[in-house]
Amino acid sequence: MNIIVCIKQVLDTEAEIRLNETKTAIIEDEKSEYVMNPLDEVAIEAALQTREKFGGDVTLISLGPERVKNVLVSGLAMGADKAVYLKTSGAESYDSLETAFILSDIIRGLQYDIIFCGVRSVDVNNEAIGVQLAELLSLSHISSIIKLDIEGGGKKVVVHRSIEGGEEVLECGLPVVLTCQKGLAEPRYPTLPNIMKAKKKPCETKEVMVNGGIKIEIVNLELPPKRGGARIILKGEPLQQVQEALKILAEKGILGDAL
Amino acid sequence: MNRIFVFIEYRFGKIKNASLEALGEARRLADKYGLRVAALILGHNLDGLMDSLIWRGADEVLLADYKKLADYNSEAYVKVVTDETRRAEAAVIFLSATALGKDLGPKIAARLNACYFNDCVSVDLEGGFLKAARPIYGGRVIANSKSVISNFQVATLRPGMFRAIANAAQKAEIKKIFSCIDNTEIKAVFKNIIGAAVGKIPLIEARIIVSGGRGMKNAENYKILEELAGILGGTVGASRAAVDADWWPQEYQVGLTGKTVAPQLYIACGISGALQHLAGMISSKFIIAINKDPNASIFKIADIGIVGDLFEIVPLLIKELKKQPK
């Protein structure tokens, strides 16, 4: 089975976020620390488990500036077979469709049975790449999967998808794009032998043109307003704390409004 | 363009409240800029729903009632919505950022070569160009972005951030949409729903959430949170640590790799307040935090902080609430 996983390098979520002077971009410099998008680790794990059952090949794809190769190497160290690095300028595109176009252009020329993506990247929160990639490739997609079984001798997927109030069970023939939610698979730690092998695995570089007009403009980036309102810390006897808290809720009409 | 389309999510016999919130916001913008609002509802056997939809702020309710639409599937749904969008020259489409909205929204945008704004906490439409505020980087930054094209613009609106209209001034006109979906093949086939716990309100629909973290110590202890949530008419959530420890289901995880919620009231029990958790609940209107550690980060963003043992506080809350007249 030919499996592709689209992955993204993101700024470490624990790290401090700095805005540039004009407040139109996030500062990325030598101090910045990057990690693989956590949900993409889940996607890679799902891909590896699929390969373990059905054989075949797992190819990783990522786009961005040179540093992005680090996540490709991490993914290869988890056990993927090869990587495709798409070299772009690295300016963050807030337009998911633009990124999906670039990916679809390249993927169209590859063999695939399943394309895995993380359901969203924790940086720009578009939650769209997988769905839009499928649309551009005229493929079926199922988003936000939390359980995956491949049945029919590798001909169809049966998935559980996370929705409000439950899980949806869906079936789909291959090829298909699946976007992965936390809980689908627990990403493995790279083993030492795999880390050693990773740098030797094939990683092809392709230059890509960022085509199409710009559709989305950043007006500015801002830090969210600090939560206003009373920051009341209640100490003292538990019963007092509870009664005081309920009193404040009543004064503010919080419970009344909600109930 | 003189129309805003609002996709109304109707599944398993219910219209999603979050869709009505998006509709209310569309009405607000329509009144501000002299536009019309059309609510699109897709499904099968929809007639009985109209009363709940015609007084919610739409000028028109566009109804697509076909057997192929009975269960949500992106293939037929995207065809109906995009065909109608082009026919009506509606440049702006709102959906609510539910699981369905975030599945259908980007597909609509890709098919229409539109710009797509996900999980908006505020929107505006000056000059016909969508301007949206979206939380990014785990909610630590708000991206104020705008569309530079007027056709087409798709946005999903975060549940809980906008107001539904309970009783609009004008009744909506009902129109049937005729769409050709005979040749649309549904490849991702819906089979069934599982795990829908009776009486459990989904996280993003809950107006009150009682959430437990590492301080809960085990799964058994969640019973007290369930009792508290029960009295308040809310639902129980959990931090990543608790979910990873299998104390509470993944589906109810609040945070960066879980769900983002914006309830009226969020009660955080034994949750320290890691950035990744805050990303999921910082939009809550009112936050109460209960934690033994006076230095817990959660106290920096809580409206009321109770420094104490949740195993004493929560039962007392239950007891005091039970005393109150209904």
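Contact here means heavy atoms within 4.5 Å. The model is predicted, so to speak of local features needs pLDDT of at least 70 and side-chain atom pairs count only at pLDDT 80 or more, while totals for chains, interfaces and linings use all residues. Residues are numbered from 1 along each chain as its sequence is written, chains are lettered from A in the order in which they are written, and side-chain values use heavy atoms, without hydrogens and water.Start in chain B. Select residues 222-232, helix α5, and residues 310-323, helix α8; helices are DSSP runs of H or I with at least four residues, numbered from the N terminus. Their axes lie 10 Å apart at an angle of about 30°, the axes being lines fitted to C-alpha atoms over the stretch in contact, with angles from 0 to 180 degrees between N-to-C directions. The two helices are therefore roughly parallel, a term for angles under 35 degrees.

Next, show the side chains between them. From α5(B), B:Ile224, B:Leu225, B:Glu227, B:Leu228, B:Ile231 and B:Leu232 meet a set in α8(B) that includes B:Phe311, B:Val314 and B:Leu321. The residues of this contact comprise 11 nonpolar, no polar and two charged; Ala, Val, Leu, Ile, Met, Phe, Trp, Tyr, Cys and Pro count as nonpolar, Asp, Glu, Lys and Arg as charged, and the others as polar.

Now bring in chain A. In chain B, 94 residues are in contact with 82 residues of chain A. About 7400 Å² is buried between the chains (accessible area, 1.4 Å probe, lost on putting the two parts together, summed over both). Select B:Tyr137, B:Arg140 and B:Asn144, which supply 10% of the area that chain B buries against chain A.

Finish at B:Lys107 and A:Glu135, a salt bridge whose closest N and O atoms are 2.8 Å apart. The rule (a side-chain nitrogen of Lys or Arg within 4 Å of a carboxyl oxygen of Asp or Glu) finds eight salt bridges across this interface.

Terms used:
Angles under 35 degrees count as roughly parallel, over 145 as roughly antiparallel, 65 to 115 as roughly perpendicular and the rest as oblique.
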